[in-house]
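Please open the model in your viewer and keep the selection tool at hand. This tour moves from one group of residues to the next, and at each stop it says what to select and what is there.

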Amino acid sequence: MEALQAIKERKSYRSTFKQEPIPREDLKELVEAGFLAPSGCNMQTTKFIAVDDPELVKKLADIYGHEWAATAPAAILLLTKHTVAPSGESYHIQDFAAAAENILIAAAAKGYATTWIEGQLHHNGEDRKMAELLGVPGDLNVAVYMPIGIPASTVPAAKKKTFEERVWFNRYGEN
């Protein structure tokens, strides 16, 4: 699938998955898409854990607390830590955001579905529980959890504002 087509077809998927496993090679390609994302000052602050062990995938879903996630045959977790670049800025959030978007697009291109789960991981320490389950060192944080699989149903695309409401050429408000 062409990149722009994958971007157009990508949807956040929060529903049940078919019980077909994701081949390890496909999962590796999805993680590679994240791994290849741009990184502020090339510090490469994002690390990844691809999970295809059914028991671990289920335990992650149990920690997250949403039944649909337990139907996923795999998951990808993005790890990060606040890291200061030579410029004095930290780009770790931008780094994992770019990596997550690459994974979302790659998943859509391969016919898989997923969603980017981030803020919901901090309500009751779900991020730390996931980190402990997977042996993540204490200096790293689970920033993003992505249950992945073949969608069992279709979901409507999110309602987007029109192009003209959000995009202008040369000057704000002018087309």
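Two rings of Phe, Tyr or Trp, with the six-membered ring standing for Trp, count as a pair if their centres lie within 6.5 Å. With that cut-off in mind, and remembering that this is a predicted model, select Tyr13, Phe17, Tyr64, Trp68 and Tyr145, which together form one aromatic cluster. The structure as a whole holds 5 aromatic pairs.

**The aromatic rings**

A pair of aromatic rings is described by the distance of the centres and the angle of the planes. Keep Phe17 and Trp68 selected: their ring centres are 6.3 Å apart and their planes stand at 45 degrees, so this pair is tilted, because the tilted class takes the angles that are neither under 30 degrees nor over 60. Phe17 belongs to the loop between α1 (3–9) and α2 (24–35), while Trp68 belongs to the loop between α3 (54–64) and β2 (74–80), and the pair thereby links distant parts of the chain, 51 residues apart. Are Phe17 and Trp68 buried or exposed? Both of these residues are buried.

Now add Tyr64 to the selection, and look at how its ring meets that of Trp68: this aromatic pair is edge-to-face, with 6.1 Å from centre to centre and 85 degrees between the planes. Tyr64 and Trp68 are both buried.

**The pockets**

Rolling a probe the size of a water molecule over the atoms shows where empty space is left. For the largest pocket, which holds about 250 Å³ of space, select Glu9, Lys11, Tyr112, Ala113 and Pro151, the closest to the pocket centre of the 15 residues that line it. The lining of this largest pocket divides into 8 nonpolar, 4 polar and 3 charged residues.

The second largest pocket has a volume of about 210 Å³, and to find it you can select its lining residues, among them Ile7, Arg10, Ser12, Glu101, Pro156 and Lys160. How many nonpolar, polar and charged residues does the lining of the second largest pocket have? It has 4 nonpolar, 1 polar and 5 charged residues.

**The salt bridges**

Side chains of opposite charge can pair when their charged atoms come close. A search of the whole structure finds 7 salt bridges, and the next selections visit some of them. Begin with Lys59 and Glu55, whose closest N and O atoms are 3.1 Å apart; both residues lie in helix α3, 4 residues apart, which is about one turn of the helix. Lys59 has a relative accessibility of 36% and therefore counts as partly exposed.

Next select Lys81 and Asp139, whose side chains meet in a salt bridge at 3.0 Å, N to O. Lys81 lies in the loop between β2 and α4 (92–109), and Asp139 in the loop between α5 (126–133) and β3 (141–148), so this pair ties together parts that are 58 residues apart in sequence. Lys81, at 32% relative accessibility, counts as partly exposed, and Asp139 is partly exposed with a relative accessible area of 43%.

Then move on to Glu174 and Arg171, where the side chains meet in a salt bridge of 3.7 Å, N to O. Glu174 counts as partly exposed at 42% relative accessibility, whereas Arg171 is exposed, with a relative accessible area of 55%. For the last stop, select Asp26, Glu29 and Lys110 together, which are joined into one network by salt bridges that share partners.

Terms used:
Residues are numbered from 1 along each chain as its sequence is written. This is a predicted model: local features need pLDDT of at least 70, side-chain atom pairs count only at pLDDT 80 or more; totals for chains, interfaces and linings use all residues. Side-chain values use heavy atoms; hydrogens and water are left out. Helices (H or I, at least four residues) and strands (E, at least two) are DSSP runs, numbered from the N terminus. Buried means under 20% relative accessible area, exposed over 50%, partly exposed in between (1.4 Å probe, protein chains only). On a 1 Å grid over the protein atoms alone, a cavity is a set of points where a 1.4 Å probe fits but cannot get out, and a pocket is an open set with protein on both sides within 12 Å along at least five of seven lines; lining residues have an atom within 4 Å of a point. Grid points are joined across faces, edges and corners, and a volume is the space filled by probe spheres set on the points. Ala, Val, Leu, Ile, Met, Phe, Trp, Tyr, Cys and Pro count as nonpolar, Asp, Glu, Lys and Arg as charged, and the others, Gly among them, as polar. A salt bridge is a side-chain nitrogen of Lys or Arg within 4 Å of a carboxyl oxygen of Asp or Glu.
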